[in-house]
Amino acid sequence: MNILLTGGTGYIASHTAVVLSSLGYKVFLYDNLSNSKRQVVTQIKKITGSAVTFIKGDIRDSDRIVRLLKRKKIEAVIHFAGLKAVGHSVDRPIDYFDNNVAGTVSLVRAMNLANVKTMVFSSSATVYGNPTYLPLDEIHPKLAVNPYGRTKLHIEELLQDVSDADAEWNISCLRYFNPIGAHESGFIGEEPSDRPNNLMPYLVQVALGDLPYLRVFGGDYPTPDGTGIRDYVHVMDIADGHVAALDFLSKNGGWHALNLGTGSGCSVFELVRIFEETNQCQISAKVVERRPGDVAESYACVEKAYTKLGWRAKRTIPDMCYSAWHFRKNRVV
Ligand SMILES: NC(=O)c1ccc[n+]([C@@H]2O[C@H](COP(=O)([O-])OP(=O)(O)OC[C@H]3O[C@@H](n4cnc5c(N)ncnc54)[C@H](O)[C@@H]3O)[C@@H](O)[C@H]2O)c1
């Protein structure tokens, strides 16, 4: 089966490409390289032994995508491309709506024209906003509290409308919780172009000595150790979730939203402690002011993903910490 991955050289897409390619899917990576590097393609080949095709391009170039979908006989699209930094989205909402929402409109238009009507979309737990109860299940109110989260919500709504209007469409919106970690080979992993926004790449840079200390945003949350609790999930489990979603869509039409998480929360201090123990290193951390928009606690109800997709996260927090560190120590791209 021929699959197009938009945002294909990015963090989560590259891990998904490895799994798909290993299973015999023919994988095409489409990316404008705004937040990733072309060398990732070589790294994927090193792991899988088989080539994946890279095409440099933007999802807003609808005509190009129509031609690509037809020429490469694509049967499904996994749509990872997007801008993802919450803080930047507050400063640059127009860029975020243009890239994420208008980009998806352009992509869906192209898919319609090329008669490719199966999509797995990278959504996010940010669509829920401040939890009114935990664990967060898929029917929890959608109360996104920042422009990034609202772009994800608008895209989900658009895709639901597209599916309602045309029964030939099959769409899964996968709401990731907090993907971290890297492929066990250490050849690919999370490699932000700027100063990291997410905890794990920041932690790794502190461990490497590239940053002096970890800033812990808020030490007075109503949690056992006062720091925020998140549902960290291994990126390779997330990658497996996409294969399960494609399989599900081959048998089920319509629009579906599914949480991908472990179902358990872990605090910032707990993650730091496990990182230190697993990787035998010391992390300096300083508690600073809470970040606006951060919630105290967020973790997923994962029953729907298990019932519908037969998917459960298998890897542990030490696996996540070890692989993230292993990747950065052996980094070649
Ligand atoms: N990493 C997370 O914590 C997380 C959590 C929830 C949801 N998501 C979503 O998952 C998706 C992938 O995230 P990631 O962590 O791999 O991010 P990433 O930045 O590593 O990957 C996104 C890729 O999309 C590309 N891209 C961006 N805009 C594009 C455009 N207009 N045309 C073509 N390519 C474009 C970037 O160059 C990058 O390679 C994103 O949509 C993100 O919002 C990520």
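A crossing of two helices is called right-handed if the near helix is turned clockwise from the far one by less than a right angle. With that term in place, good morning, colleagues. The structure before you is a predicted model, and I shall speak about two helix pairs, the ligand shell and one glycine.

I begin with helix H3, residues 62-71, and helix H5, residues 93-113. Their axes lie 8 Å apart, and the two helices pack at an angle of about 40 degrees. H3 and H5 are therefore oblique to each other. The crossing of this pair, H3 and H5, is right-handed.

Which residues of H3 meet H5? They are Ser62, Ile65, Val66 and Leu69. On the H5 side, the partners are Ser106, Leu107, Arg109, Ala110, Met111 and Leu113. Sorted by class, this contact of H3 with H5 comprises seven nonpolar residues, two polar residues and one charged residue.

The second pair is H1, residues 11-22, with helix H2, residues 40-48. Here the axes come within 10 Å and cross at roughly 35 degrees. H1 likewise passes H2 in a right-handed crossing. From H1, the residues in contact are Ser14, Ala17, Val18, Ser21 and Ser22, and they meet Val40, Ile44, Ile47 and Thr48 in H2. The contact of H1 with H2 has five nonpolar and four polar residues, and no charged ones.

I turn now to the ligand. There are 29 residues around the ligand, and those that come nearest are Gly7, Gly10, Ser36, Gly82 and Ser122. Four elements give two or more residues to this shell: helix H1, helix H5, strand S5 at 118-124 and strand S7 at 178-180. Which element gives the most to the shell? That is H1, with three residues. As to the character of the shell around the ligand, 15 of its residues are polar, ten are nonpolar and four are charged. H1 thus appears twice in this account, in the contact with H2 and in the shell around the ligand.

Finally, I draw your attention to Gly87, which is found in helix H4, residues 86-91. Why does Gly87 count as partly exposed? The reason is that Gly87 has 13 C-beta neighbours inside 10 Å, whereas a residue is exposed at 12 or fewer and buried at 20 or more. In sequence, Gly87 and Leu260 are 173 residues apart; in space, they are 23 Å apart, C-alpha to C-alpha.

Thank you for your attention.

Key:
Residues are numbered from 1 along each chain as its sequence is written. This is a predicted model: local features need pLDDT of at least 70, side-chain atom pairs count only at pLDDT 80 or more; totals for chains, interfaces and linings use all residues. Axes are lines fitted to C-alpha atoms, for helices over the stretch in contact, and angles run from 0 to 180 degrees between N-to-C directions. Angles under 35 degrees count as roughly parallel, over 145 as roughly antiparallel, 65 to 115 as roughly perpendicular and the rest as oblique. Two residues are in contact if their C-beta atoms, placed from the backbone, lie within 7 Å. Ala, Val, Leu, Ile, Met, Phe, Trp, Tyr, Cys and Pro count as nonpolar, Asp, Glu, Lys and Arg as charged, and the others, Gly among them, as polar. A residue is near a molecule or strand if its C-beta atom, placed from the backbone, lies within 6 Å of it.
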